[in-house]
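Notebook open, coffee poured. I want to go through this one feature by feature and jot down what I look up.

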Amino acid sequence: MEPTQALRGFFLLATSTVLFVNSVPPLRSRFLAYGSRSAQITVERTTPNPKPKDIKTTTKEKEPSNDGNPLSRLLDAVASIQVPHSWFTHFYLVSVASSLFWAVQILTQGRVFNMVLSWQQNASIEKKDGFSKIGMTLDQITVVWTLMMMQGARRLYESTILMKPSQSTMGFMHWVLGVGFYMAIGIAIWVEGIREWSTRRPSSPLLIRVHTAALLRETPPTIWDIGLAGPSIRTLLCITIFLFASGVQHDCHRYLTSLEKYTLPDLPIFRTFICPHYTAECLIYLSLAILAAPEGSLVNATIFTALVFTTVNLGVTAELSREWYAMKFGEEKIEGRWRMIPFIH
């Protein structure tokens, strides 16, 4: 099994787990909801057509099952393991740390990078195909790494500076899955280019070029061999999508943190989408998947499986958000709004 196959397997297994948990009501109610969505809601409407100020909301934590079923008690015990919602910050700390760690490893031919390289070489020998498949180029690795670093740094800023202190919690398993995802995506953004470092073939002129002198050496390319070149149309398009989606997501997060607790968002984009910041997240990973696509491929398969997980995971959360809004404010207040993906979800 190659490193790329292991990563794809992880993302697809995580996706299947989320879909399974969402399809089983006892699991869905215990493990998927977090933050405000995890609390039961009692709504008192003081007028027939209430405005937000006319709605009184009280919340209480879900009580454990008392049916005496050993399985139910076990699920309740696991679901009761909670961590502070502020631990979301750990996801982006891991993302930034992972980006920096692998940049140093790749540029210095570090021990951990060489372990991954040996893994790939051994898997290729077993398959008797060497490094015949075309992978990412050095320019793609550089650009995608830079964008992923920007994404992690921005989200770290938002989660530490913009977010308000909260007593909300999330499940420990949710936290573990999130940390695992960001550790994996830190490898996924470059692993399909690992052949570039082994075969020492020149990088194609996408956005970065490797100087000719590097091709005459017996060592892999280094940071000193990288120079700027003209971007392709695909690069410009993907970077534009990435920056646009990042800006939309930042504006959404800034707006949401400015709201009073338990308030229905009323920004224009929230009148179209229940969770536009989730839509933006999917666009960010879609742009990376296309930008990192090897020659002859539409997308980078490893990053695409990460996109599949992101879409499913956020899609489930968007559905929970819609249910919460409908319960608190009434179905009529959110009628006609897409959850996350126009015309689909």
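Cysteines first. I count a disulfide as a pair of cysteine sulfur atoms within 2.5 Å. Note to self: the model is a predicted one.

How far is the sulfur of C275 from the closest cysteine sulfur? I get 9.6 Å, to C252, which is too far for a bond. My search of the whole structure turned up zero disulfides. I also checked burial here: C275 is buried at 3% relative accessible area, and C282 counts as buried too, at 11%.

Next, helix α1. It runs over residues 3–23, and I have 30 Å from its first C-alpha to its last, close to the 30 Å expected for its 21 residues at 1.5 Å a residue. Its buried residues are P3, T4, L7, F11, A14, T15, V18 and V21. Looking down the axis of α1, I see them fall within an arc of 145°, so they line one face of the helix. The face turned away from that buried side carries exposed residues: L13, F20 and S23.

Then the salt bridges. How many does the structure hold? I find eight. I looked up three of them.

D76 pairs with R30, closest N and O atoms 2.8 Å apart. D76 sits in helix α3 and R30 in helix α2 (residues 25–31), so this pair ties together parts 46 residues apart in sequence. Both D76 and R30 are buried.

E158 pairs with R155 at 2.6 Å between the closest N and O atoms. These two share helix α6 (residues 138–162), three residues apart, or about one turn. That fits the textbook: an α-helix has 3.6 residues a turn, so residues three or four places apart point the same way. E158 and R155 are both buried, and R154 joins them in a network of salt bridges.

E331 pairs with R322, closest N and O atoms 2.4 Å apart. Here E331 is partly exposed at 39% relative accessible area, while R322 counts as buried at 13%.

On to the surface. I noted a nonpolar patch made of L71, L74, V78, I81, F172, M173 and V176, with about 600 Å² of accessible area together. Helices α3 (70–79) and α7 (172–191) are the elements giving two or more residues to the patch. I picked L71, in α3, for a closer look: at 52% relative accessibility, L71 counts as exposed.

Last, a backbone oddity. Q109 has a positive phi of about 55° although it is not a glycine. I find Q109 in the loop between α4 (88–108) and α5 (111–127), partly exposed at 25% relative accessible area.

Methods:
Residues numbered from 1 in each chain as written. Predicted model: local features only at pLDDT ≥ 70, side-chain atom pairs only at ≥ 80, totals over all residues. Heavy atoms only, no water. Helix = DSSP H or I, 4+ residues; strand = E, 2+ residues; numbered from the N terminus. Expected span 1.5 Å × (residues − 1). Buried < 20%, exposed > 50% of the residue type's maximum accessible area, 1.4 Å probe, protein only. Arc of directions from axis to C-beta. Patch = residues over 30% accessible without salt bridge, like charges linked within 9 Å, V, L, I, M, F, W, Y side chains within 5 Å. Areas by Shrake-Rupley, 256 points an atom, 1.4 Å probe, with all protein chains shown as cover. Salt bridge = Lys/Arg side-chain N within 4 Å of Asp/Glu carboxyl O.
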